[in-house]
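User: Please take me through the criteria behind the terms used for this model.

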Amino acid sequence: MNLQGNKVVMIFLVRSDIKMSKGQIAGKVADVTQYIIEECIQRKYITYTTWKKFHDSQKIVLRVNSEKEFHELHSKLIELSHELSFPIKIVKDGQKTKKSESIPAVLAFGPIKRNKVEHIVADLKLL
């Protein structure tokens, strides 16, 4: 996915290796969107206002193929988040694994300029 440019977007990474219905994915994306927006408002994150006012609240949903890839991307995004101070959040799926823990299903971050994260998510496909 080519994310070059200065357009501000919110990005969602959805694991495709977890069998979730379209409705479940939509619900998880909605939940994490609410968290990110509340975090932006609480922090007075100026990029949120720019995203909302000038970039039509653009969102991009990308597919992640495995738990390993998901965690690798999360680690890279956490580092970038510390540097650029954008919100990042994981929502877990309600399915229980053998370990009795919920499974990380959707990761959301931003709003952020596309060109700041292109090097991390460029190889991912749209969901």
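User: What makes R15 and V64 in β2 opposite one another?
Analyst: R15 stands opposite V64 in β2, and strand β1 (residues 8-15) pairs with β2 in the parallel sense over 6 bridges. Two strands pair if DSSP finds at least two bridges between them, and strands are DSSP runs (E, at least two residues), as helices are (H or I, at least four), numbered from the N terminus. This is a predicted model, in which local features need pLDDT of at least 70, side-chain atom pairs count only at pLDDT 80 or more, and totals for chains, interfaces and linings use all residues. Residues are numbered from 1 along each chain as its sequence is written, and side-chain values use heavy atoms, with hydrogens and water left out.

User: How do you know that β2 and strand β5 pair?
Analyst: β2 and strand β5 (residues 125-126) share 2 bridges in the antiparallel sense. R63 stands opposite K125 in β5.

User: Why are some side chains of β2 called buried?
Analyst: Buried means under 20% relative accessible area (1.4 Å probe, protein chains only). I60, L62 and V64 point to one face of strand β2 (residues 59-64) and are buried, while K59, V61 and R63 point to the other and are not. In the protein chain, 42% of the 127 residues are buried.

User: Why is the protein chain called as compact as a globular protein of that length?
Analyst: The protein chain has 4 helices and 5 strands. Its radius of gyration, taken over C-alpha atoms, is 14 Å, close to the 14 Å from the globule rule for 127 residues, so the chain is as compact as a globular protein of that length. The rule is 2.2 Å times the number of residues to the power 0.38.

Methods:
Buried < 20%, exposed > 50% of the residue type's maximum accessible area, 1.4 Å probe, protein only.
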